[in-house]
Each structure stands twice: as C-alpha cells, then as structure tokens.
Amino acid sequence: MVHKLTMLPYDDFMAEFLPPIDGTPDDNVFDNMFDAVPTDGKEADMYLPFVHAVNNAAILGHFCLASTESLPDPTDPKRRKTDVGMYRLGTVPTTGGRTDWATIALTIEFKTHPTQDDPFDDKTDTGYPSSSARRRDNLGQILGYADLVFRRQQTTHHFSVMILGDCARIERIDHAGVVFSSKFNYKQEPAKLGQFFWRLAHASSEARGRDTTATYVSPSSPDGLEMLAWETKTLPTDDYTRQLFVETLDRGWAWWKLRVRDGDGYKEFLVAKPAFAAPGVVGRATRGYVAYDKSNADRPFVYLKDCWRVVHERSELEGDILATLNEHEVSNVPTVLCHGDVQEQRTVSQDIWARLHPGKECRMKAHQHYRLVVNEVGLPLKKFPNGQDLVSVLIDCLEAHEEAYTKANIIHRDISVGNILLIPWGEHPKDKQPIYKGLLTDWELSKRTEYNELEARHPDRTGTWQFLSVNALKRPNAHIEIADELESFFYVLLYCAIRFLPHTCNDVSQFMYSFFDRGEIAGPLEYTCSLHKFLAMRYGCLVSTDGQPVVFLTQPRTSKEIAAAVAESEKKPGLSLKELVRDGSKLKAKTTVPKDQRHPINKIFVTLLKWFKARYELVAPLDDDSGPSASNRRMSFYPRAATKWNRHIRTQAAEPVQSVTPAEALLIATAKKLTTHGDMLELLTEMVYGEEWQDKWPRNDKQPDQLDPKFKPTPEKSQQQGKRTEREEDTLEDSQPDSKRLRSAASRE
C-alpha cells in the first residue's frame, strides 16, 4: 500500500466526496456533541458513549450506529469484528453486538493514542507508516474490514472512520487506493465529525458507494424462493452446475440480482455467495458467481465474473477477447454470453493523487467496474481425480493456449491453478471415474502479439505471483513469451502434484511456502522470485527445503516410513537453499527410490526441468547476486551463443545457428523446445496416451490435501528468504510485485 495512499485536508476531503446539500445543518448544531466520550481510559470505554452521542443527536436519518465489538460475523472464518458500525434502520444487528459485513454502511474503529495508533503518517511523502509495525497493523485492519465489505456487498467504495483518542481521520477506500483526511480533534471541532455523519447518511446511494445495478434479493422474495427451489430440482444434463449453484445458497450471505450489459440492452442474473472471491482491496477484486439465468430454461446456470478491470488505452475487454477466440474456433476456452462495463463506475483515488502531484508518475491504476457472463461452469482444478487426468487436462489447456496464439495472435499471460477449470464430459470405461476436459479461463490479462514491440502496457509484472516464470519475476518489464507461459504450466502441474500426489517431500507446507509464496528482496519494497524456484530452474532439479530430491511415488509412504525419513533428515540436516544455489554441485540429484515405485509424472518433471535449465543458461542467463558464484555460473561462453540464438528466433530463420561449439549447439537445441508449444504437448501426450506409459499411471494416486491449512512458517525458516509484506492489499498489476491472488486464494485453491 506504499504508493496507494493520498491525504486530503479535511475541507477538501468533504468537498470532494460529501459536499453540502440542501438541508445541511450549521456547524453549531454539533457543539459539545462528543463531550461525554472518554478519551483517557480504555478503548472499550469509548464505544457506547460515542454511539449514544451520535444517535441521540438525531443526525443519521434512516441510519443509526451500533456497537458491534462483542461478536464476529459468523460468515467470516477469521472472526473479525469492527468496534462500531453504521447500519440502515431495519438491518441493525439484533444479536448483542454482532458485526454484519453484508449490511454495514460505515466501519468505525477505535484506538487510544493519536500518534502511535495512527494508520497514516503525514510526515512521509506516501502517507505510509513504514517505521511502525503497530501503525501498519492498524492500516491492515482498516483495509481488512473494507475487503470484507467489498466481498459481501455490491459497492464501488467504502467509507471508514478511525478514532484515535480525541482525534479522528476519515477514509474513502476504492480499488485503486485510499484517500484519507487530515487528522483533526473531534472534541475541539465536533462539527467536522458531525458534518461527516450527517452528509454521509443523507447522501445519495451512489455517493455512499452503493452499486445501483445490483438489487438485494431476500430468500423469502419470489426471486429468492425460485433460487431455493433448485435445491430439490434436477437437470437432465450437466446437473453438476445446479449442484454448484445450490452450494452457494448460503443465507448468511446477501443474495443479489445483477444487471449485465447485453449489446444495447441488459440481462439480469440471480446470484448468492461467490464461488470465488479474490482477497485484497486494491486491484481487480474479482468475484465469480454460479449465476441463475431465469430467461434460459435449457441452460439456466452460467458463470458470472464481476471485477474491476485496469483501464489502459490498449486494454481490451475480456469479453471481446473471448469473442475473438470463439470466432477463431479456439478450443477449450469459455463461450462469451454477454459482458460490459458497469455504468461509469470507476475508481477516483488515482485521479486525486495525480491532481495533487502534477508532472509525477502515479503508481495507482484506474479501475473500471466490469461484468462478464460465460456459458461454461467449471470445477476447480483441485478436483482432478488422479495424476493422469491432471496431465490430460493440462494438455487441453496447452492446446487452447497454442490455438489462441497461432489462430488469433493472443497470448494469455496469466497461467495459474485458478484459471484452469474442469468440465465433466464422461466416465472412464474401467472404473467409472468421471472424465474431465480442461478449460483455460480468465483472459483478462491477455494481449495481442502485435503489441509485443510496443512499450509494456503495465510497467510491472503481469500474472499470478506463485506461477510466474523466473524470467518474469526477475525482469518485470519484459514481455511474456511462450517459454514463460510453458514454465507457468509446469508450476501448475507441480503445485497440484506436490499437494495431492504421493512423494518423498517430508514437509509439503514448507515446500509450498518456500517455492511458491516466498520472494527475495531485490530493493526497497521490491521483490523477486524465491530461491527455491530459482534453484529449480538454474540447476534443473526439484528438491525439498532440506535439499533432498523430491520423487513422486506410485503409492503413498506409510506413517512409519515418513517418520523414519523425518528423523533421518533431522539427524543429518541438509544445506540451506541459499548454499545450494551458490554451489549446485552439492545437490543430491540421485534418488534411492526403486524404479518400480516411481510415478510416471517424474519423467515429465525431469524432462521439462532440463529444457528450462537450458533456457536459463543460454537464452536468459540468471545473473543475480543471490545466485551461484561467478566461478560456478558457467556463463563465460554463453553470451556469444545467446546473441546468435536470440537473433535466430527473432527473425525465425530457417537455417540453423552457425559457429557454435558442440556444447552450445546442445543447449540451443534443448532451449528451442520451449519456443513453441509442440514439444511440450508431444511430451505430455506421449506420457498420457502413449502405449509405453498410458497403463503405468496408478488410477487411485490422488491423496487428501497435504497442505496444512493452519501452517505458519517458523521465524527461523522465514529468515531464510526475504519476506514480501503487505501482500493482502496489492496486485501484480499495481506498483508492488504482489500476486494477482495472494496465498489464501492462489496457494490454497
């Protein structure tokens, strides 16, 4: 959030967001309003006196304040609750002080110290309290509340108030950033806070942040009853879509009728709890719904995506991209039904910052509210039945990626676990297990290949952190190439395999954290790829965090075997990842696992790692201070070959590269396998369907999720690599190198 904060003087803040309207009271109406609010005791002593002061002043019209610090909203697994909230009359929580994130109109948080608890720092250029963890935590608390509101309601922005002893600040939060007021003493100037409450309560719905294209649906209304009726109905085909819809009918969440542009008109869809909601305030804030289309009796359930797309002159609407792919008959991609921007609902934080800083580059991005509806409703990739079908699904999505690139000149640029779905289409003849085809979704960040010669559309990383290539993580401004996308497919396969297939890794949670989530500090508030991912690409091998080879097995180890392996590892601890990166000769590449116990998927990993290793040795050498020493990089003769190779692939010359040594020629031939989709598709297809391998895949190899949902890295392990902070507020297309979906969404899907 470092570059996402903007301070406005109180008067400017009010004039910008809540200007006076007819009937606005004079300031003297609020004299002595907060005199009874104690500020020299405990935080909790302030709640009720403050609530009474505002409610008794009769300034909130159809709203009132309620103290909600006692009980959390039951729909929030983290059990968060705000101290005080403003609710519309008739929606005030009735269960003794329970927060309700679905109906709250304003969050109010109390702290006791005007400076030490202040989530903003007026003394810095950015307003970010970088010198105080306590103040940063308070900022995270405010943003966490806004995130809960954005997920459960249909809003464009959210107001909050921070009480700091006898001082206060007001915040307006949208998906570009936070605009906050100057700090003022509400005891000495009660009119400032009183005017805010009055104007907010009497403002239009749009000014308060309500999305007027969304209509609340009560479960007892005709629309709500029609939604509930599907709990007992069935569909003749694709009944799984009905089942997915029924799973979203959670009465603890608000239900909605959403309007989506359809050509010159609109269509309406009924939705309940999101099937997916990306965490974090700043960014695209994507929510995915299994939606009910009342107008289509034959196909009543569709997928509705609600997001805040980045506004850029070369950005295309995802629906238009999908329409192009559909016109070119690209297989295994969604079929667009309708889409469009939602009115003129656009973030404003970036405009205010730019107005206050003329001539300076704004690190915020403008976001426009957007909805897209597609016909296909898919299952998450983690539902794959076994390893062989997992690879088969990836083949489908690789084919989609190849066809989009060759037929429509479009590259996806966001290959991740969350963007690959399963579509049921039959049963396996042997064991009647469902057979799935893969669907490559979320083309929002895709780009036409003719733009590759132009300046990067967004001068930072594009995609999901956990699945970005090493090249993309180390070179944020580089254009995404086919090789980068193939590397992302590799990470998707590894991600699923390490969580759900049997293997020799003793600590899956630590592996996931170290490989996918961690980042190396690359500069002030800048991060690059993890040492673990760097190690795999640099040396072409897959090891656990203790340096032991990771081997996938046909059968899971017994608890006794696992205990023995853990004891052996603790008895003879291996080298740290940093030591292994600096000296790859110490890696233990060989395994003692008998050949008949090795899973076929090992061949895929071993083969692909050889290709990626060649690429990074030749085409994109990984020069990095955290990497291996100069004497061990083996880079001395590669620049000459790399120059020839790069010139070769740019011109797509038919003749082979000349004047290279045999070692260089081997590297060139190996790296070339990643310049098109063909070799990877051939490898995966042979492994799944080839006569030599297709019957060697165990049908029941999928295990329960081996990732501990309660895992937290120990301080010692956290210090092995630089920690990326403030991940929950930013996205990769924002200025800091954060993931489009953070771990709670991406690494736990």
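**Exercise 1. The chain as a whole**

Of the 749 residues of the chain, what percentage count as buried? Work this out for the predicted model, then describe the secondary structure, the contacts and the surface.

*Solution.*

Step 1. Buried residues make up 58% of the 749 in the chain.

Step 2. The secondary structure consists of 22 helices and 23 strands.

Step 3. Take the contacts in the chain between residues at least 6 apart in sequence: 72% of them join residues at least 24 apart.

Step 4. The chain has an accessible surface of about 31200 Å². Carbon and sulfur atoms account for 49% of that surface.

**Exercise 2. Confidence**

Find the average pLDDT of the chain, and decide how residues 624-645 and 650-654 should be treated.

*Solution.*

Step 1. The average pLDDT of the chain is 87, and 87% of the residues score at least 70.

Step 2. Residues 624-645 have a pLDDT below 50, yet the model gives this stretch 57 contacts beyond near neighbours in sequence.

Step 3. Residues 650-654 also stay under 50. For these residues the model has one contact beyond four places in sequence.

Step 4. Where pLDDT is low, predicted coordinates should not be read in detail.

**Exercise 3. Two residues with positive phi**

Ala 58 has a positive phi, and Asp 442 has one too. Locate each residue and state whether Ala 58 is buried or exposed and whether Asp 442 is buried or exposed.

*Solution.*

Step 1. Most residues other than glycine have a negative phi.

Step 2. Phi of Ala 58 is near 55°. Ala 58 belongs to the loop that runs between helix H2 (47-56) and strand E2 (63-67). Its relative accessibility is 67%, so Ala 58 counts as exposed.

Step 3. Phi of Asp 442 is about 55°. Asp 442 sits in the loop between strand E20 (434-440) and strand E21 (447-448). The cut-off for buried is under 20% relative accessible area. Asp 442 has 11% relative accessibility and therefore counts as buried.

**Exercise 4. The surroundings of helix H14**

Describe how H14 packs against H13 and against H17. How many of the residues of H14 are buried?

*Solution.*

Step 1. Helix H13 (residues 508-517) packs against helix H14 (residues 531-539) at an angle of about 80°, the axes being 6 Å apart. H13 is therefore roughly perpendicular to H14. On the H13 side the contact involves Phe 511, Ser 514 and Phe 515; on the H14 side it involves His 532, Lys 533 and Ala 536. Sorted by class, this contact holds three nonpolar, two polar and one charged residues.

Step 2. H14 packs against helix H17 (residues 601-618) at about 90°, with 6 Å between the axes. This angle makes H14 roughly perpendicular to H17. From H14, Ala 536, Met 537, Arg 538 and Tyr 539 meet Leu 609, Phe 612, Lys 613, Tyr 616 and Glu 617 of H17. The classes here are six nonpolar, no polar and three charged residues.

Step 3. Ala 536 is named in the contact with H13 and also in the contact with H17.

Step 4. Nine of the nine residues of H14 are buried. Among them are the charged residues Lys 533 and Arg 538.

Step 5. Just after H14 comes Gly 540, with a positive phi of about 65°.

**Exercise 5. Two buried residues and their contacts**

Place Arg 172 and Pro 119 in the structure, and list the residues that Arg 172 contacts and those that Pro 119 touches.

*Solution.*

Step 1. Arg 172 is part of strand E6 (residues 167-173). With a relative accessibility of 7%, Arg 172 counts as buried.

Step 2. Beyond neighbours within four places in sequence, Arg 172 is in contact with Phe 13, Phe 17, His 157, His 158, Phe 159, Gly 177, Val 178, Val 179 and Val 348. Phe 17 is 155 residues away from Arg 172 in sequence, while their C-alpha atoms are 8.5 Å apart.

Step 3. Pro 119 lies in the loop between strand E4 (106-111) and helix H3 (133-152). Pro 119 is buried, at 0% relative accessible area.

Step 4. Leaving out residues up to four places away in sequence, Pro 119 touches Gly 127, Pro 129, Arg 135, Asn 138, Leu 139, Ile 142, Met 162 and Leu 164. Between Pro 119 and Gln 141 there are 9.1 Å, C-alpha to C-alpha, and the two are 22 residues apart in sequence.

Methods: Residues numbered from 1 in each chain as written. Predicted model: local features only at pLDDT ≥ 70, side-chain atom pairs only at ≥ 80, totals over all residues. Heavy atoms only, no water. pLDDT = per-residue confidence, 0-100. Contact = heavy atoms within 4.5 Å. Helix = DSSP H or I, 4+ residues; strand = E, 2+ residues; numbered from the N terminus. Buried < 20%, exposed > 50% of the residue type's maximum accessible area, 1.4 Å probe, protein only. Areas by Shrake-Rupley, 256 points an atom, 1.4 Å probe, with all protein chains shown as cover. Axes fitted to C-alpha atoms, helices over the stretch in contact; angles between N-to-C directions. Parallel < 35°, antiparallel > 145°, perpendicular 65-115°, else oblique.
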